[in-house]
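Let's take a walk through this structure, one neighbourhood at a time. Keep the viewer open and follow along.

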Amino acid sequence: MGRDLSALFDPKSVAVVGASDDPAKYGHAVAAQALRAPDRRPVHLVNRRGGTVLGRTAATSLAGIGEPVDLVVISVPGPGFEAAVDDALACGARALVGITAGFAETGAVGLARQQAIAERVRAAGAVLVGPNCLGIADNTTELYLASDRFAPGGIALLSQSGNLALELQLRCAPHGLGFSRFVSLGNQADVTLVDLIEDAARHDATRAIAVYAEDFGDGRAFAEAAAAAGKPVVLLTAGRGAASARSAQSHTGALTTSADVVAAACRDAGVELVATPHEMTVVLAALHGGRRATGPRTAVCTDGGGHGAIAADAAETAGLAVPELGPAAQQRLRTLLWEQSAVGNPVDLAGMGEQNPHSYGDTVAALLALDEVDSVLLTGYFGGYSAATGGLGGPAAESGTAGGGSALAAGELETAQQMAARATSAAKPLVVQSMFPDAPSCRTLVEAGIPVFAATEDAARALAAMTPAPEMHEAAGPPGVRPLPPAAPPLDDPGYHGIRALLSAAGVPFPEAREITDEAQLLAAADAFEGPFVLKALHLLHKSDAGGVALGLPDRAALVTAFREMHARLGAASYSVEAMADLTDGVELIVGVHRDPRFGPVAMVGLGGVLTEALHDVAFALAPVPADRAAQLLTGLRTAALLQGVRGRPAVDLAAAAAVVERVTTLAAAHPEIAEIEVNPLLVRPDGALALDARAVLA
């Protein structure tokens with residue numbers, strides 16, 4: 001059920017320690033906000049000098065209040081924070097909000113202080129938000145303990161940045177969006193992002209969860225909580241572009257960045273990952289209403305060819321489809337529109353809206369009713385007629401035909417009301433792009449929960465957020481975060497043949513092989529199985545680059561010659577003699593897992609072999625990866641056509657490749673001592689899959 005945060009969001013009483021009459025101090029802003037709802041619960045102001053604060057008598061200490069306090073906000077200078085925490089716990093506080101800074105963000109000494117405080121809070125059975133936070137607010141319980149007001153609504157905003165939270169509020173207002181809660185995360189010494197997501201998921205008034213986070217703490221727990229929330233989670237994060245701070249010793253490590261890991265976690269958890277506050281607002285506006293498409297087929301409705309073409313391009317760029325409508329659908333639209341209208345998709349009213357504003361609503365309703373359409377994007381001039389009479393510009397304002405403009409405006413407002421009613425009752429989403437998003441007609445749509453945007457690309461992005469990912473249409477179902485398997489006994493031989501043995505025991509197939517150190521062992525290996533042979537120098541980071549791999553050696557003599565030459569040049573401690581695999585009609589893949597410090601084991605699959613890093617055609621997911629999900633990752637590669645057969649080559653055994661991915665990633669997830677492991681190449685042929693090389697790096 002998660003932690004009980006009821007005292008944090010609906011306390012019986014509140015005290016602000018450090019309340020002040022000085023507007024320059026944060027204790028002033030928090031106290032002023034706390035007093036906005038004095039009748040909801042007792043609000044006590046504490047200032048060590050006493051006197052009055054904001055016209056109310058201030059206690060000199062929490063003990064001086066004379067009664068228990070449920071929630072205490074602490075906004076005092078750093079040296080006095082621990083004493084304030086102890087006083088709060090002594091007076092029975094079940095929740096604390098630490099505004100004071102100067103802890104983990106300052107270094108090791110500050111971190112130690114912070115950990116000691118968090119331990120005292122937990123030992124007392126209380127909860128702590130912060131320290132180094134900017135407060136909390138809950139509009140549903142009239143709890144106002146942040147410096148700014150947040151318009152009421154259905155979004156829980158969990159943010160590590162106060163200014164970004166304010167920007168989001170400003171951007172959300174035109175879309176009619178408000179906030180159920182706001183929490184400044186601070187240092188997350190006790191109450192974490194995961195705790196808050198779990199609580200917001202249980203909060204009836206919260207319909208969507210918006211997160212700005214730079215530090216996930218336990219990233220895998222974040223993904224699991226978001227996946228289980230049952231509500232949209234939208235994430236904005238920073239620092240995703242830098243590579244992980246480690247020395248990568250495999251292709252998997254070299255190719256995996258923080259951005260890849262976060263994106264993979266979000267895909268697996270169903271989290272909408274955004275890059276800017278603007279994009280976050282667009283996605284929140286799309287998801288807040290709860291309406292979803294069942295597929296990617298989008299009908300574009302426009303009143304001008306240019307807008308329709310641009311919108312169609314934007315929709316396809318966003319991952320949607322704009323298919324041509326069938327004959328029956330086109331015939332239905334012809335009965336609604338005039339002769340010059342285009343009905344193929346985009347559907348172009350071709351100026352009919354100026355003659356009959358109701359043609360907008362009639363066409364949108366007809367498109368929403370089509371079985372071959374999953375969503376509708378209305379784009380162009382709609383809103384311009386009512387904008388003219390509202391003083392926002394438009395044809396009547398420019399041409400002086402005020403009378404005709406008034407009639408058009410009235411008709412447009414009426415069709416907006418009808419469109420809103422029809423769209424609200426339809427199961428499919430409608431998104432609008434308008435040159436006049438602030439026009440009365442467009443505001444009518446917004447008030448009905450229909451997203452309206454000024455930019456075409458925003459409308460397309462909104463529809464993409466309302467549309468399930470392609471894999472959700474397949475038999476495998478939606479992606480998810482699989483639990484980690486129980487830890488296996490630690491690996492005791494991280495060498496090449498030790499890794500082969502470990503993977504083989506997990507069901508990963510390899511060619512026959514023998515490890516040798518001299519020519520006598522080489523000849524014995526040659527007698528153990530038939531050629532052609534492969535010779536590899538072991539304990540080299542990239543064997544191929546160093547000339548440590550000889551392929552296709554046809555017989556014993558060629559094997560001996562290759563060994564003598566390679567040993568004279570490299571002097572490796574040991575070598576591997578292996579049966580040469582049949583490469584005919586095969587495709588080389590890479591399967592790897594690296595252990596991220598925040599998100600745990602992260603899998604990578606892609607085109608493999610010696611060109612892995614050059615081609616960089618890879619996909620990521622949290623490990624372990626089930627076979628059906630692995631197949632989705634492989635078919636989503638840019639070079640997936642190679643797996644399906646091209647230029648007369650047969651298709652390879654995708655199911656066998658996916659099974660190997662599941663086995664490798666499950667094994668890696670069960671071995672926390674392995675920092676990186678990869679099979680490269682994994683040869684996939686029409687008749688199965690065979691691992692040709694493997695390596696692992698211990699943590």
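## Two helices that cross

H10 and H19 cross in a right-handed sense. Before going further, keep in mind that this is a predicted model. The two partners are helix H10, residues 277–287, and helix H19, residues 456–465, and they pack with their axes 8 Å apart at an angle of about 55°. H10 and H19 are therefore oblique to each other.

How much of H19 is buried? Nine of its 10 residues are, so the rest of the structure largely encloses this helix. The buried residues of H19 are Thr456, Asp458, Ala459, Ala460, Arg461, Ala462, Leu463, Ala464 and Ala465. Charged names such as Asp458 and Arg461 are on that list too.

Another helix worth a look is H14, residues 358–368, which is mostly covered, with eight of its 11 residues buried. Its buried set consists of Ser359, Tyr360, Gly361, Thr363, Val364, Ala366, Leu367 and Leu368. There's a handy rule for reading a list like that: an α-helix has 3.6 residues a turn, so residues three or four places apart point the same way.

## The chain as a whole

Zooming out, the protein chain carries 26 helices and 29 strands. Of its 699 residues, 56% count as buried. Along the principal axes, the C-alpha atoms fill a box of roughly 95 × 80 × 35 Å.

## Strand E27 and its partners

Now for the strands, starting with E27, which covers residues 674–685. Is this strand buried or exposed? Buried: 12 of its 12 residues are, so E27 is largely enclosed by the rest of the structure. The table lists strands that pair with E27, along with a bridge from each pairing.

| Partner of E27 | Sense | Bridges | Residues facing each other |
|---|---|---|---|
| E24 (residues 587–596) | antiparallel | seven | Val587 and Val684 |
| E28 (residues 688–691) | antiparallel | four | Arg685 and Gly688 |
| E29 (residues 694–698) | antiparallel | five | Glu678 and Arg695 |

E27 and E28 also form a hairpin, with two residues between them. In the E29 pairing, the bridge partners Glu678 and Arg695 make an easy place to start looking. As a reading aid, in a regular strand the side chains alternate between the two faces of the sheet.

## A seven-stranded sheet

Elsewhere, seven strands make up an open sheet with mixed pairing, in the order E9-E8-E11-E10-E12-E13-E14. Which strands stand at the edges? They are E9 and E14 (272–274), and each has a single partner strand, so one side of each is left without a neighbour in the sheet. From one strand to the next, the twist averages 20°.

At the E9 end, strand E8 (residues 135–138) runs antiparallel to E9, and four bridges join them. Asp138 has Leu143 in E9 as its bridge partner.

## Rings and charges

The aromatic side chains are next. How many aromatic pairs turn up in a search of the whole structure? The search finds 10. One of them is Phe150 with Phe182, a stacked pair at 4.5 Å centre to centre with 20° between the planes. This pair links distant parts of the chain: Phe150 is in the loop between strand E9 (143–146) and strand E10 (152–159), while Phe182 is in strand E11 (residues 179–184), 32 residues away. Both Phe150 and Phe182 are buried.

Phe216 and Phe222 make a different sort of arrangement: their ring centres are 5.1 Å apart and their planes are at 50°, so the pair is tilted. The cut-offs behind that label are under 30 degrees for stacked and over 60 for edge-to-face, with the rest counted as tilted. Phe216 and Phe222 are buried as well.

Going back to the stacked pair, Phe150 and Phe182 join Phe179 in one aromatic cluster.

Charged groups sit over rings here too. Which ring lies under the charged end of Arg181? It is the ring of Phe9, with the charged end of Arg181 at 3.7 Å from its centre. Arg36, for its part, lies over the face of Tyr144, at 3.7 Å from the ring centre.

Methods
Residues are numbered from 1 along each chain as its sequence is written. This is a predicted model: local features need pLDDT of at least 70, side-chain atom pairs count only at pLDDT 80 or more; totals for chains, interfaces and linings use all residues. Side-chain values use heavy atoms; hydrogens and water are left out. Rings of Phe, Tyr and Trp (its six-membered ring) pair if their centres lie within 6.5 Å; planes under 30 degrees apart count as stacked, over 60 as edge-to-face and the rest as tilted. Buried means under 20% relative accessible area, exposed over 50%, partly exposed in between (1.4 Å probe, protein chains only). A charge sits over a ring if NZ of Lys or CZ of Arg is within 6 Å of the ring centre and within 35 degrees of the ring normal. Two strands pair if DSSP finds at least two bridges between them. Axes are lines fitted to C-alpha atoms, for helices over the stretch in contact, and angles run from 0 to 180 degrees between N-to-C directions. Angles under 35 degrees count as roughly parallel, over 145 as roughly antiparallel, 65 to 115 as roughly perpendicular and the rest as oblique. A crossing is left-handed if the near helix is turned anticlockwise from the far one by less than a right angle, and right-handed if clockwise.
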